[in-house]
Amino acid sequence: MEPQPVNALSFDLEHWYSATLVADDTTEPEDHIERSTEIVLELLDKHDVSATFFVVGQVAAEYPSLVRSLVQKGHEVASHGHTHTPLFELTKAEFAEELEQSANAIRQATGVDPIGFRAPNFSITPKTAWAFDVLNASEYRYDSSVFPVKTPLYGVSDAPTAPYVVSSSLSPFDVGMAYSGSGIVEFPISVVETPLERFSGYGFPTRIPFSGGFYARVLPSMLLRRFVRQVNRQGRPVNLYFHPWEFNEQVQIEGLPIHKRLVSYYGMDKAIQKLDNLLHEFEFDTVQSVLSPELTETTDRTSTTQVH
């Protein structure tokens, strides 16, 4: 029996009320970030698993001891932007400033420079492909913002589904570009490809998202584990993500429209058991550890990309 890939596990550490579908309906929110993170850490400790926390810079500045404790427990801390502003609302210069501010906040809290980034709302798409120029000119080494399924909020329908090196912002979603030894390593969120995959370039829904957030909460645990096995059998690691607030039912508020309530809260009561099942059956580690072969290959990259 061939060894199975080690999968990547990550959590986007942000305030529950900064989520897009909740923010506009929230007034005078109560912070639950410490208890939500504690729930996650208890489960990770139980399975002796390390994970990556993509931390909002303002959270690192607001809760430095919480973020520092993540590093002390052996987890990776990466950037989730400084203000949790989707890239659709930023210019290149503003994004560069966000990266620097978040890196400074994380460094001050932990003493560690983050090398990984995930955009709020997976907001790196063809409209914001310039983000790779900004990342390439920074100290960041990898990105995990590409969601290779088109949704009303984000996604790229035919983006690569396995880790790859983005060697040009002109074709950042083309894994066929010649590797030049430079570029950001991209680790897309995992999806399952279907027999209709050849139509993905036409914008048809040919892939099944499953690896985190609402998708993992709505799918039965048996099907979720089946999809992980399916990706692993193809020799690829799964890139699984959650938000700590998804494991804390105290964050739920009254008055949300039904579609927002469904996407934001459905399945929260079973989320911890589903993740427990995954950690029991599969091997997980930080994003940086899973990407270590690709990051080693790009160690000597010498980008000359300029940010304007």
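Let me start with the rings. Phe122, Phe147, Tyr154, Phe214, Tyr215 and Tyr241 are joined by ring pairs into a cluster. A pair here means rings of Phe, Tyr or Trp (its six-membered ring) with centres within 6.5 Å; planes under 30 degrees apart are stacked, over 60 edge-to-face, and the rest tilted.

A word on what you are looking at. This is a predicted model, where local features need pLDDT of at least 70 and side-chain atom pairs count only at pLDDT 80 or more, while totals for chains, interfaces and linings use all residues. Residues are numbered from 1 along each chain as its sequence is written, and side-chain values use heavy atoms, leaving out hydrogens and water.

Back to the rings. The count comes to 16 aromatic pairs. One of them is phenylalanine 95 with tryptophan 130, an edge-to-face pair at 6.0 Å centre to centre, with 65° between the planes. That pair links distant parts of the chain, 35 residues apart: phenylalanine 95 sits in helix α5 (residues 92-110), tryptophan 130 in the loop between β4 (116-117) and α6 (131-136). Is phenylalanine 95 buried or exposed? Phenylalanine 95 counts as buried, because its relative accessibility is 1%. Buried means under 20% relative accessible area, exposed over 50%, partly exposed in between, with a 1.4 Å probe and protein chains only.

Now the whole chain. It has 12 helices and 11 strands. These are DSSP runs, numbered from the N terminus: helices are H or I of at least four residues, strands E of at least two. The C-alpha trace spans about 50 × 45 × 40 Å along its principal axes. What about the radius of gyration? The chain has 18 Å, which agrees with the value near 19 Å for a compact globule of 308 residues. That radius is taken over C-alpha atoms, and the globule rule is 2.2 Å times the number of residues to the power 0.38.

Of the 308 residues, 55% count as buried. Contacts next, meaning heavy atoms within 4.5 Å. Among contacts with a separation of 6 or more, 74% come from residues 24 or more positions apart.

Let's visit helix α5 again. Serine 102 is found there too. Serine 102 is buried, because its relative accessible area is 0%. Leaving aside residues up to four places away in sequence, what does serine 102 touch? Its partners are Gly57, Ser79, Gly81, His82 and Tyr140.

On to helix α10 (residues 268-281), which holds leucine 278. Leucine 278 is buried as well, because its relative accessibility is 0%. Again leaving aside residues up to four places away, leucine 278 touches Leu224, Arg225, Val228, Leu240 and Phe284. The C-alpha atoms of leucine 278 and methionine 222 are 9.8 Å apart, with the two positions 56 residues apart along the chain.

Last stop: backbone angles. Most residues other than glycine have a negative phi. Aspartate 48 is not a glycine, yet has a positive phi of about 55°. Aspartate 48 lies in the loop between α2 (33-47) and β2 (52-55). Aspartate 48 counts as exposed, because its relative accessibility is 72%.

Histidine 84 also has a positive phi, about 60°, and is not a glycine. Where is histidine 84? In the loop between β3 (76-79) and α5. Histidine 84 is buried, because its relative accessible area is 10%.

That's the tour. Thank you.
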